[in-house]
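Got your viewer open? Let's take a walk through this structure, one selection at a time.

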Amino acid sequence: MNSLELALMGIKNLLRRKARTILTVLGVIIGTASIVVMVSLGLGMNKAFEQQLEEYGSLTMIEVYNNRGGYMVMSDSGESSSVPEGEVAFNDETISTFENIEHVEFALGMKRFDGTLYAGKLQSWAGIMAVDLEKFKKLDIDLSEGTMPSADGVNEVLMGFRVSEDFYDPNSRNPYSNQSSVDVMNTKLEVVPSSSYYDGKRPRGFVITPTGLTSEEDWDYAWDIFIDYDVFTKLKADFDRRNKNNDDDNGGRKRSRSNEDQDKYDQMKISVDDVKYVQEVQEQVKEMGYEAYSLTDALENMKQTSGLIQAVLGGIGAVSLFVAAIGITNTMVMSIYERTKEIGVMKVIGAELKDIKRLFLFEAAMIGFFGGVFGVVISYGISFLINSVLSGMSEGGGYYGVGFLSDIPYWLALLGIAFSTFIGLAAGYYPAVRATRLSALEAIRTE
Amino acid sequence: MTKHSEVVISVKGLRKVYRIGNEKVVALRQIDLDIHRGEICCILGTSGSGKSTLLNMMAGLEKPSKGTILIKSEAIEKMSEKQLAKFRQRNIGFIFQSYNLLSALTAIENVAMPLIFRGMPKALREKRAKKYLKMVGLGDRYHHKPTQMSGGQQQRVGIARAFVGTPEIVFADEPTGNLDTKTSIEVMHIMWRMAREKDQTIVIVTHDPEVALYADKVVNIRDGDIQSVEERPEDDVYEKFIKPYEESFITADDITEAASAAL
């Protein structure tokens, strides 16, 4: 018996018992829809989280720190010249080592200095990040105004947007409670590359030229002033020479040449060409003895959590599909009782056992398949409803971005249909075997 | 029909014992029987004589307790369910007392059913089904469902279904059991004609001596044993029973005409 004939016969049989077929299919629809919707919620959660993370910073970026606990200890203690054995360097060589790792686009070294920013009467603490501006440009930082600084201009810097907001007047009665912002782009700014507090007369620093302000969307670069590494070290050296007697920077100057090389940077960023290699690269960097972090850590965590949530939700859905599967089995068993005679006659007039078996399996699979198809269609409806209702609710609280609460990618839809068809087949197996075992003689005796 | 043609069914030392609880019920004691090609053989007996058991075993629906059944020299009691199904598909047609048509299907679909299992293409199948329906005189009932037909008509569909695959052997279990006398005669005529057409063997089980009149060989069975076997001369049945009634039913011409038209 060929498959097409079999399919036609099976469909005819299903249509003959419309009410029961529809009810059974309905069970499968509910089962499939609940699984698909539940899983879609998990997927939506992932997607929303990814979007959220992208606002925090790039997912392809790895932050690397030196394992030693940072340069602060070293410069403050003054006895840092002895680098503990087995520790690793953090200099240009390190950068080229990182850049040789597969999938790494570039590595950027950064060093943070404390400084004070003066704008007329006002002043503010400021972190000064010395970076290689050429590479820094590649980070694709969003600017709200201006352009990226370059090493060629006169002390050109990029201002983090938060820097402008923490100025205070040291001469006012209550300096710290009255913070005011300064239009950093259009004010003359002077930097003293030292965190010491100067009572009264302060040393002369140097004037900087802000060329751009970071976007308020990007919190990664919000707090600091970014300046070219070489430009800054020169300025700092000048400053230190002019203020020889200030003891606060002694530690720094005492550092041996070689040690300075070892610790040229205190932080690095590694840009990876694709998110999927971030963890791999990160592992390699860690093996070299560095501390490395990336947003994918959080993403991995989140994915694990949402995987768990998905499994739980999917499990709840699976229960209803399981019930539906029992429904299919029940329907098919009932169908055997009803069709005992028919099956017997078919056997006597020439049906082979495999024909009977295939017929029943096909009917069960069809119930599963149609249940799956309609279930997926309904899932899309529910998903749309959830998204439109809930994202409408969270309007205004837009920090979490688009309301991706439920997401049904096409593979989930296909998987849902395939799975329910499979469930149908599995549920139909026992009845099918039972139908083939049916004694033809008993069957035709049934009057 | 030639009297000494080959033996199609050979039953040797057949015994069937049913076990009901702790009791043994002997349905067939010791049956030896040969049925030749083209023979119309009637197994006649009262209810409980074991005649139906014999038929079921010859059709491979039941396994004997002892003995062997050779159909076309193949021992069918040794076949598996799977092999039996295949064997039935190729060699055996079956006519039931209660017709056993599939109620959801039309006459033509019912007749074509055995051909579906053989994998015959639809067009060919329907052409053949139509031909056989015509042969049983139901040329105007192609698309009727069983419920729209009388018992006699339904049994004629059943006959067409049994013969449509041109099996060598057709088993008929009380084919007239649910029919009145007139219709019974009609049905017997048709079966007789159909079998003769392609020299097919028919084994009929019945308790009705009237039906036995149409047989070339009548096997009387009683309490699980063959009591007697009557054989009739070759054209006896035709001369006595077919010819006189020919005019009132379907004529031989009808059958040949229908057959040639369909070919």
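Here is a tour in five stops. Keep in mind that this is a predicted model.

**Stop 1: the annotated helices of chain A**

Start by selecting residues 21-43 of chain A. An unreviewed UniProt entry lists this stretch as a "transmembrane region", along with 311-338, 359-390 and 410-430 of chain A. What do you see over residues 21-43 of chain A, helix or strand? The chain there is 100% helix and 0% strand, with the end C-alpha atoms 32 Å apart. Now jump to residues 311-338 of chain A: again 100% helix and 0% strand, and here the end C-alpha atoms lie 39 Å apart.

**Stop 2: strand E6 of chain A**

Stay in chain A and pick residues 189-192, which make up strand E6. Show the side chains. In a regular strand, side chains alternate between the two faces of the sheet. Here, A:Leu189 and A:Val191 point one way while A:Glu190 and A:Val192 point the other, and all of them are buried.

Which strands does E6(A) pair with? Select residues 104-119 of chain A for strand E2, which runs antiparallel to E6(A) and is joined to it by three bridges. To find one pair, look at A:Thr116, whose bridge partner in E6(A) is A:Val192. Then select residues 206-214 of chain A, strand E7, which is also antiparallel to E6(A), again with three bridges. On that side, A:Glu190 sits opposite A:Val207 of E7(A).

**Stop 3: the four-stranded sheet of chain B**

Switch to chain B and colour its strands E2, E1, E4 and E5. In that order they form an open sheet with antiparallel pairing. Strands E2 (23-36) and E5 (74-75) of chain B are at the edges; each has a single partner strand, so one side of each has no neighbour in the sheet.

For a pairing further in, select E1 (residues 7-20) and E4 (residues 66-71) of chain B, which run antiparallel and share five bridges. A handy pair to label is B:Val11 and its bridge partner in E4(B), B:Ile69. Next, add helix H1, residues 51-58 of chain B: this helix packs on the sheet, where it touches E1, E2 and E4 of chain B, and its direction makes about 120 degrees with that of E1(B).

**Stop 4: the six-stranded sheet of chain B**

Still in chain B, show E6, E7, E8, E3, E9 and E10. That is their order in an open sheet of six strands, and the pairing is mixed. The edges belong to E6 (92-95) and E10 (225-231) of chain B, each with a single partner strand, so one side of each is left without a neighbour in the sheet. From one strand to the next, the twist averages 15 degrees.

Zoom in on strand E9, residues 217-222 of chain B. Six bridges tie E9 to E10(B), and the two run antiparallel. Within this pairing, B:Val219 stands opposite B:Val229 of E10(B). Now bring in helix H6 (residues 181-197) of chain B, which packs on the sheet and touches E3, E6, E7 and E8 of chain B. The direction of H6 makes about 155 degrees with that of E8(B).

**Stop 5: where the chains meet**

Finally, show both chains. How many residues does each one bring to the contact? Chain B contributes 26 residues and chain A 23 residues. Between them the chains bury about 2200 Å², 64% of it on carbon and sulfur atoms. Highlight B:Leu61, B:Asn100 and B:Phe117: they supply 25% of the area that chain B buries against chain A, more than any other three residues.

Three salt bridges cross this interface. For your last selection, take A:Lys12 and B:Glu109, which form a salt bridge with their closest N and O atoms 2.8 Å apart.

Definitions and conventions
Residues numbered from 1 in each chain as written. Chains lettered and ligands numbered in written order. Predicted model: local features only at pLDDT ≥ 70, side-chain atom pairs only at ≥ 80, totals over all residues. Heavy atoms only, no water. UniProt positions renumbered as here; feature names shortened; annotations may be inferred. Pairing = 2+ DSSP bridges. Contact = heavy atoms within 4.5 Å. Axes fitted to C-alpha atoms, helices over the stretch in contact; angles between N-to-C directions. Buried < 20%, exposed > 50% of the residue type's maximum accessible area, 1.4 Å probe, protein only. Buried area = accessible area lost by both parts, 1.4 Å probe. Salt bridge = Lys/Arg side-chain N within 4 Å of Asp/Glu carboxyl O.
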